[in-house]
Amino acid sequence: MMPGCVEWPEEVAARYRREGYWRGETLGDLLRRVAAAHGPRTALVSGDSRWSYRELDERADRLAAGLGGLGIGSGDRVLVQLPNIPDLVFLCFALFRLGAAPVLALPPHRHSEIGHLAAATDAVAYVVPDTCQGFDHRELARRVQASAPSLRHVIVSGDPQEFTALADLERDPVPHDSPDPGDVALFLLSGGTTGRSKLIPRTHDDYACNIRLSAENAGLDETSVYLAALPIAHNYALGCPGVLGTLQAGGTVVLTPTPSPDDAFPLIERERVTVTGLVPSLAQLWAEAAEWARRDLSSLRLVQVGGAAVSGELAGRVGRTLGRLQQSFGMAEGLLSQSRGDDSAELLVSTQGKPLAQADEVRLVGDDGRDVPPGEAGELLVRGPYTIRGYYRAPEHNAAAFTPDGFFRSGDLARLTGTGHLAIVGRVKDVINRGGDKVPADEVEDHLLAHPEVDAVAVVAMPDPLLGERTCAYIVPRRKAPSLKTIEAFLRKRGVAAYKVPDWIEDVAALPYTPVGKIDKARLRADIAHRRGGRRP
Ligand code: AMP
C-alpha cells in the first residue's frame, strides 16, 4: 500500500480474501467488467444527456490517457472538488484506472479546508468546476496553488481560463500499469474527528466490498435507477450503495442539479427512479412536498435515510409518502449498518439495521474501555473487511482513534438489540452533526480564537427542528462580543466552509468547567437547548 497508510494484518487480509470479501478486482476493472456485460445500457443520466456503459468505459480510458500524459500516475493524489456532474464520475474511474487516488473534497470547502488537504496529501493536481453556485473555483485554485508547491496542475471542468480544461484532456487510450487491488483507490474525508479532516484511504478491495454489500442489501440490479441527490464526493452517495454501488450492479445513475423537490421529483418521474439516499432534513422536505406535488413518485422502491439521527416520526412518514424506508448508519471510515428487507416495522423505525458483513466485528464499550452489558449503550468500536485500520499519515491520531488490536473508535454511542440490530443513541466525539454535515467543534473554536475580540470559546450543538442540530458558539469576549454577522464575515475571510459557520452566538462572562478542568460542554448543550427550546435561529 501507499506509504503513510496502515495495512490490515496479513492473516486478516488473507481471511477477507478467502471468505470472498476482497475479490482482487480494482474499481477500474470492475467498470470494464460491467461494461462488457451491459455495454449499451444507460449508465449515467444528467439533464438531457445519457451515457451508456460502453461510453462511460471509453471515456474513463480516454481521460486516463490524458491525465497520464500530464504525468499523473500510480500512487499520485489528485485533489478533486466537483459537484454532482458527469465529469466527476468520468474522472474518478480514470484515476482508478491509473492508480492515482482522488481526494474527494466537498463542494462547499474553501481555502482553509482545501489548503489543508493539498498540503496533507501533496496532491499533484486539483480539479475544480469553473464556477459552482456563484463561487469561482478558479480563484480558489489560484490561492491554493500559490501555497501548495506539490500542485503541478489545476484542471477545470468548464471554462479553464489560464488552467487546463478537463474536456481537452481526452486522448486515444494508451497502455499503462494497472494498480494492485490492495492499493489505495480513493481518499474520503473524515467527518467525526478532532482537528482538521483526516484522510481515509480506501483500497480497491475494501471499497468494492463496501459498494457490493450495500448494493446487495438494497437489492440493486440492472433495473435499478439511483438518483444521486446528496454530494457524490461523500461516501454515502458515492458508495453506500450510491453511484458506484449502482454501477457495479449494472443499474442507471441519475444526477440532479440540486436535491430540492423541484429538481428531483420531475427526474424521479421521468427516469422512473427506484432508489435514492437522503439525509433526514431532506427526507422531511421531500415527505412534505410529496403530499402536494403532482408528480408520480410511484417508481421509488427504496428511500435510504441516514447520515444523522432519524426520528421515529420521520421514519414512519417516509414510508407513507415516499417509498420503503431504509435506515442507513455509516461512516467514511467504513462500517455500514443498514435496515434489511425483512426488518419488522418496529425495527425499521427504531434501529439503523445491522452491519452489512458477517465479518464486521462490533464492540460497545464504556468509559473504562470494557464491553458494556448486553442491551446497554456504549461507544461503538469496529473492525472489518471495509473498515480502515488507520488514517493517512496520522500515526499520533491513529494511536488514539484505533485500539492496539485495530478496532476503530467511531465516537458514536450505540446499543445492540437482542436481534443484533444497531441503534445509534448519541455521540462521544466533539462534532456537531448539522443535518449530515459534520462540524468538528475544535476546528471552529481554533478559527474563532483567532478573532481579536474572542477571549475564550466553546462550540456545541443546539437542537434544531429541521437539521437536527445546529452550531452554537459560546463566546467570552475581551470587551464586546462580536455579532453573528461579524463572525460569519471573519470565518468566510479565513476561507472556512459556510456550513461550519456558527448559527448562533451566546455571549457569556465565563465558560463552565468540569471538576477535572475541561470545558463542561454537556452543561452548555443543556443550557442552549433549554434557552432556545429547539426554535430555529
Ligand atoms: P461521515 O463519515 O461523514 O459519513 O460521518 C459519519 C458519522 O455520521 C457517524 O460516525 C455518525 O456520527 C453520523 N451518522 C451517520 N449516519 C447516522 C445515522 N443514521 N444516525 C445517527 N448518526 C449517523
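**View 1. Strands β10 and β11, seen around the bridge between Leu189 and Leu199.**
Leu189 has Leu199 of β11 as its bridge partner, and the two strands, β10 (residues 184–189) and β11, run antiparallel to each other with 5 bridges between them; strands count as paired when DSSP finds at least two bridges between them, and strands (E, at least two residues) and helices (H or I, at least four residues) are DSSP runs numbered from the N terminus. The model is predicted, with local features requiring pLDDT of at least 70 and side-chain atom pairs counted only at pLDDT 80 or more, while totals for chains, interfaces and linings use all residues. Residues are numbered from 1 along each chain as its sequence is written, and side-chain values use heavy atoms, with hydrogens and water left out. In β11 (residues 199–203), 5 of the 5 residues are buried, where buried means under 20% relative accessible area, exposed means over 50%, and partly exposed lies in between (1.4 Å probe, protein chains only). In a regular strand the side chains alternate between the two faces of the sheet. For β11, Leu199, Pro201 and Thr203 lie on one side and Ile200 and Arg202 on the other, and both faces are covered.

**View 2. The parallel pair β14 and β15.**
Strand β14 (residues 275–278) pairs with β15 in the parallel sense over 4 bridges, and within this pair Leu278 has Val305 of β15 as its bridge partner. Because 5 of the 5 residues of β15 (residues 302–306) are buried, this strand is largely enclosed by the rest of the structure. The cover extends to both faces of β15, with Leu302, Gln304 and Gly306 buried on one side and Val303 and Val305 buried on the other.

**View 3. The ligand and its shell of 16 residues.**
Which residues come nearest to the ligand? Of the 16 residues around the ligand, these are Ser328, Ala332, Asp412, Lys429 and Lys438, a residue being near if one of its heavy atoms lies within 4 Å of the molecule. The shell is made up of 6 nonpolar, 7 polar and 3 charged residues, where Ala, Val, Leu, Ile, Met, Phe, Trp, Tyr, Cys and Pro count as nonpolar, Asp, Glu, Lys and Arg as charged, and the others, Gly among them, as polar. Strand β16 (residues 324–331) provides the largest share of this shell, with 4 residues. An N or O atom in the side chain of His234 is 2.9 Å from an oxygen atom of the ligand, a backbone N or O atom of Ala332 is likewise 2.9 Å from an oxygen atom of the ligand, and a backbone N or O atom of Ala308 lies 3.4 Å from a nitrogen atom of the ligand. The ligand taken alone exposes 490 Å², of which the protein buries 94%, with accessible areas computed by the Shrake-Rupley method with a 1.4 Å probe.

**View 4. The open antiparallel sheet β19-β20-β21-β22.**
This open sheet holds 4 strands in the order β19-β20-β21-β22, paired in the antiparallel sense. The edges are formed by β19 (361–365) and β22 (422–427), each of which has a single partner strand, so one side of each is left without a neighbour in the sheet. Neighbouring strands of this sheet are turned against each other by 50° on average, direction ignored, the axes being lines fitted to C-alpha atoms. At one edge, β19 pairs with strand β20 (residues 378–383) in the antiparallel sense over 5 bridges, and here Glu361 stands opposite Arg383 in β20.

**View 5. Backbone geometry in three loops, at Pro241, Gln133 and Arg393.**
The peptide bond from Cys240 to Pro241 is cis, with omega near -5°, and Pro241 is placed in the loop between α8 (235–239) and α9 (242–248). Gln133, in the loop between β6 (131–132) and β7 (135–136), has a positive phi of about 50° although it is not a glycine, and with a relative accessible area of 77% this residue is exposed. Arg393 also has a positive phi of about 50° without being a glycine; Arg393 is found in the loop between β20 and α14 (395–401) and, at 39% relative accessibility, counts as partly exposed.

Notes:
Polar contact = N/O pair within 3.5 Å; in protein donor to acceptor, adjacent residues only side chain to side chain. Axes fitted to C-alpha atoms, helices over the stretch in contact; angles between N-to-C directions.
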